[in-house]
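Here is a short report on the voids, the nonpolar cores and two residues of one protein model. The model comes first, and the report follows.

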Amino acid sequence: MKNFGFGMMRLPLLDENDFESIDFEEVNKMVDLFMENGYNYFDTAYPYHDGKSEEAVKKCVIERYPRESVIIANKLPIFLITKEEQLEQIFNQQLERCGVEYFDYYLMHNVSGFSEKGFIDVDSFSFAKQKKEEGKIKKLGLSTHANAEYLDNVLSQHPEMEFVQLQINYLDWENEGVESRKCVEIANKYDLPILIMEPLKGGFLVDIPEEAEKIMKDYNPDNSIVSWALRYVASIENVMMVLTGSSTLDQAKQNIEIMNNFQKLNEEEYKIIDQVVDIINSNITVACTKCNYCVSSCPVGINIPKLFTLYNNEKIEDNDQFTAVGNMYVNIAKSDSKIASDCIKCGACIKECPQHIDIPTVMDDVKATFETELYGFPLK
């Protein structure tokens, strides 16, 4: 198995306003190109393209190639699970949609505070373990957008996990919201193979600031901006698979060419990436330096710098979709820690802030950004 996987979350569409309108002919071409180059790992999930991604697996992969020639990965949507009977129903639906009798890789999808009801109130892990014993799952693992401590706790309770899928890219490596590096260390602690998702951070690392792009191009004008991101994650030890999605055939061609000619980053290239990260992070929304002076003055006990870090990271991504950073905010709320809506606007923090930030006003922005229906607020 070669270490590059076809992510099927952002497939080409016939109508950009209709997420279900997958262009199956274009996907066929992408799948063919993928297979021709010796790659055969296809990653889907129950909610991708509102269920149509699983159908694309059947139409574009399973019906066109021998089952034993491809590797199909799917995920149990534990964040949608509220009762026991859903487990069998959804799993069977997934088998039918994908046109398979078993999944080569199967994941507990986004194990985190956001999805706890689906694996604590309902014993989803035992269900998946049972399906593995029945031969309907060959390898069982989990994906997560939670922090390292959360991941460590889950893996300690579930030694049956055989691999982990993590959000890793050079911007998130030291990101305090995502904790990519720390999560990799936890995976290594349990000696688990790592599958990487979001190596391009949802496309964010394709279109970086001009100043950052110039540094990369000055070093090597022939290397694409995308190649830096893919080579970065593929250079990490114990990485079994790098997953990336493509919305066009040209994107697929570019990604395949990069992986076909993969070379590990050298020391100078790592230094350049550090510069690029600094440039990207300089485009922040709140100029908080994390001095923590405000924390000691807050009568409510809000960890203001931590919330501002998440807020800045969310604004850097600048989209209206579910993100790992938002997932972290949910984890904070579920841990009974104070969040933006707990701010009483007393203003005591403003007096302590060396940066003269109007903290209560920014807290309103933080609340408006995270405490929405997208992230399950109000939390029950």
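The text below takes the cavities first, then a pocket, the cores and two single residues. The model is predicted, not experimental.

**Cavities**

A search of the whole structure finds 4 cavities of 30 Å³ or more. The largest cavity holds about 110 Å³ of space. Its lining counts 16 residues, and C298, P299, C343, C346 and C349 are the closest to the centre. Two elements, α14 (348-352) and α15 (359-370), each give two or more residues to this lining. Helix α15 gives the most, with 3 residues.

The second largest cavity has a volume of about 90 Å³. It is lined by 15 residues, with C288, C291, C294, C353 and I357 closest to its centre. Here the largest share, 3 residues, comes from α12.

**A pocket**

The second largest pocket contains about 450 Å³ of space. Its lining has 24 residues. Nearest the centre of this pocket lie L171, E174, N175, V277 and N281. Helices α10 (267-282) and α12 are the elements that give two or more residues to the pocket lining. The largest share is that of α12, at 6 residues.

The table sets out the lining of each space by residue class.

| Space | Nonpolar | Polar | Charged |
|---|---|---|---|
| Largest cavity | 13 residues | 2 residues | 1 residue |
| Second largest cavity | 11 residues | 3 residues | 1 residue |
| Second largest pocket | 13 residues | 5 residues | 6 residues |

**Nonpolar cores**

The largest nonpolar core has 92 residues. Within this core, F42 and Y170 have the most contacts. Helix α8 (residues 225-234) supplies the largest share of the core, 8 residues. What does F42 touch beyond its neighbours within four places in sequence? The partners of F42 are F6, M8, V31, F34, M35, V61, V70, I71, I72 and A73.

Another core lies apart from the largest one and has 30 residues. Among them are C298, I302, I359 and Y375. C298 also belongs to the residues closest to the centre of the largest cavity.

**N312, in helix α12**

Helix α12 gives the largest share of the lining of the second largest pocket. N312 sits in this helix, which spans residues 304-317. Is N312 buried or exposed? N312 counts as buried because its relative accessibility is 8%, and buried means under 20%. The side chain of N312 reaches the backbone nitrogen of T285 at 3.0 Å. With neighbours within four places in sequence left aside, N312 is in contact with I284, T285 and V286. T285 therefore appears both as a contact of N312 and as the residue whose backbone nitrogen the N312 side chain reaches, at a distance within the 3.5 Å cut-off for a polar contact.

**T44, in a loop**

T44 is found in the loop between β2 (41-43) and α2 (52-62). T44 counts as buried because its relative accessibility is 0%. Which residues does T44 touch, not counting those up to four places away in sequence? They are S53, E54, V57, A73, N74, K75 and C98. A73 is also a contact of F42. E55 is 11 residues from T44 along the chain. The C-alpha atoms of T44 and E55 are separated by 9.6 Å.

How values were computed: Residues numbered from 1 in each chain as written. Predicted model: local features only at pLDDT ≥ 70, side-chain atom pairs only at ≥ 80, totals over all residues. Heavy atoms only, no water. Helix = DSSP H or I, 4+ residues; strand = E, 2+ residues; numbered from the N terminus. Buried < 20%, exposed > 50% of the residue type's maximum accessible area, 1.4 Å probe, protein only. Polar contact = N/O pair within 3.5 Å; in protein donor to acceptor, adjacent residues only side chain to side chain. Contact = heavy atoms within 4.5 Å. 1 Å grid on protein atoms, 1.4 Å probe; cavity = no way out; pocket = protein on both sides within 12 Å on 5 of 7 lines; lining within 4 Å. Points joined across faces, edges and corners; volume = space filled by probe spheres on them. Nonpolar A, V, L, I, M, F, W, Y, C, P; charged D, E, K, R; others polar. Core = buried A, V, L, I, M, F, W, Y, C linked by side-chain atoms within 4.5 Å.
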